[in-house]
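Trainee: I'm new to this one. Can you walk me through it?
Mentor: Yes. Have a look first, then ask.

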Amino acid sequence: MTIRRLISTSIRATIISLLLVLTAAPASAQLKFFALQKDSIPVFRGFSVSFDMVGAGMALFGDRGQYEAGLRLNLHDEWFPVVEFGYGRADCEDEVTKIRYKTSAPYFKVGIDRNMLKNKHGDNRLYAGLRYAYTSYKANLSRPGLMDPTWNWESDYNVQDAPCNMHWMEALIALDVKLVGPLHLGWSARYKIRLFHKDGDFGKTWYVPGYGINDISKFDATFNVIIDI
């Protein structure tokens with residue numbers, strides 16, 4: 001077992017264990033975990049919109065990436081239900097084999113973050129969160145013609161619009177820093193775990209919109225511009 005697979009297995013087991021502990025805990029303990037601090041601050045504190053600059057930069061200047069935005073609801077500066085949605089794309093050609101892979105599709109994520117700082121109402125926040133994500137996409141795979149040594153004709157390979165989909169989970173740690181007024185900057189480190197997937201009939205797809213390079217699990221990061229509303 002490789003070190004990477006061992007780390008992935010350990011993190012996956014930790015996440016599952018935490019979820020089992022929360023669900024198996026007595027009702028009183030669960031309510032205490034999800035309870036809000038008692039003070040004079042109202043429960044509803046507004047919401048914010050965010051835009052990921054890392055994925056957008058990759059999409060603009062590279063052969064793959066995504067444009068992603070998010071909407072986060074603020075409950076007492078403690079709990080933050082989140083919806084994220086985006087559009088991922090890839091158009092890549094292998095320099096050696098000349099095989100070209102192309103896909104593009106929207107995706108969405110839904111989840112929740114918790115502010116882990118003791119001072120919940122400060123300007124800066126440290127989040128721990130979870131996401132469930134899904135995308136349905138079509139993959140295209142092509143290769144230029146190769147000369148058949150037996151029949152002496154060119155044979156090419158071309159797959160168009162093969163239907164695929166993927167469900168995955170994301171566990172994240174994120175930092176939100178206030179700059180001025182409603183403007184914030186945020187960084188997040190994410191661990192993605194593939195749950196269920198359907199690849200095309202031609203075999204494993206190379207890139208999944210919103211997930212990235214197709215693998216059992218992977219690490220990812222975002223850099224967000226955030227505006228409070």
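Trainee: How many salt bridges does the structure hold?
Mentor: The structure holds 13 salt bridges. A salt bridge here is a side-chain nitrogen of Lys or Arg within 4 Å of a carboxyl oxygen of Asp or Glu. Bear in mind that this is a predicted model, where local features need pLDDT of at least 70, side-chain atom pairs count only at pLDDT 80 or more, and totals for chains, interfaces and linings use all residues. Residues are numbered from 1 along each chain as its sequence is written, and side-chain values use heavy atoms, with hydrogens and water left out.

Trainee: Which side chain meets Lys109 in a salt bridge?
Mentor: That of Glu68, at 3.3 Å from N to O. The pair links distant parts of the chain, with Lys109 in strand β4 and Glu68 in strand β2, 41 residues apart. Strands (E, at least two residues) and helices (H or I, at least four) are DSSP runs, numbered from the N terminus.

Trainee: Are Lys109 and Glu68 buried or exposed?
Mentor: Both Lys109 and Glu68 are buried. Buried means under 20% relative accessible area, exposed over 50%, and partly exposed in between, with a 1.4 Å probe and protein chains only.

Trainee: And what does Arg72 pair with?
Mentor: Arg72 and Asp113 meet in a salt bridge of 2.8 Å, N to O. Arg72 lies in strand β2 and Asp113 in strand β4, and these distant parts of the chain are 41 residues apart.

Trainee: Why does Arg72 count as buried? Same question for Asp113.
Mentor: Arg72 counts as buried because its relative accessible area is 12%, under the 20% limit. Asp113 is buried because its relative accessibility is 0%.

Trainee: Which residues are linked in a network of salt bridges?
Mentor: Glu68, Arg72, Glu84, Lys109, Asp113, Arg131, Glu170, Arg190, Lys192 and Asp220.

Trainee: What about Asp77?
Mentor: Asp77 forms a salt bridge with Arg125, and their closest N and O atoms are 3.6 Å apart. Asp77 sits in the loop between β2 and β3, Arg125 in strand β5, 48 residues away along the chain. Asp77 and Arg125 are both buried.

Trainee: Where else do those two turn up?
Mentor: In the lining of the second largest pocket, which holds about 210 Å³ of space. Of its 19 lining residues, the closest to the centre are Arg45, Asn74, Asp77, Arg125 and Asp228. β1 gives the largest share of that lining, 4 residues.

Trainee: What's a pocket, as opposed to a cavity?
Mentor: On a 1 Å grid over the protein atoms alone, a cavity is a set of points where a 1.4 Å probe fits but cannot get out. A pocket is an open set with protein on both sides within 12 Å along at least five of seven lines, and lining residues have an atom within 4 Å of a point. A volume is the space filled by probe spheres set on the points, which are joined across faces, edges and corners.

Trainee: How many cavities of 30 Å³ or more does the structure hold?
Mentor: There are 2. The largest cavity has a volume of about 200 Å³. It is lined by 24 residues, and Ser50, Arg72, Glu84, Arg190 and Asn224 lie nearest its centre. β2 gives the most to this lining, 5 residues.

Trainee: And the second largest cavity?
Mentor: That has a volume of about 90 Å³. Asp52, Gln66, Asp220, Ala221 and Thr222 are the closest to its centre, out of 14 lining residues.

Trainee: Switching to the surface, which residues make the nonpolar patch?
Mentor: Among them are Phe44, Phe47, Phe51, Met53, Leu71 and Ile229, and the patch covers about 1000 Å². Patches are made of residues with over 30% relative accessible area and no salt bridge, where like charges are joined within 9 Å and nonpolar side chains (Val, Leu, Ile, Met, Phe, Trp, Tyr) within 5 Å. Areas come from the Shrake-Rupley method with a 1.4 Å probe, and for residues only the protein chains shown count as cover. β1 provides the largest share of the patch, 3 residues.

Trainee: Where is Met53 found?
Mentor: In helix α3, residues 53–61. Met53 is partly exposed, with a relative accessible area of 42%.

Trainee: Last one: how many helices and strands does the protein come to?
Mentor: 3 helices and 10 strands. Buried residues make up 36% of the 229 residues.
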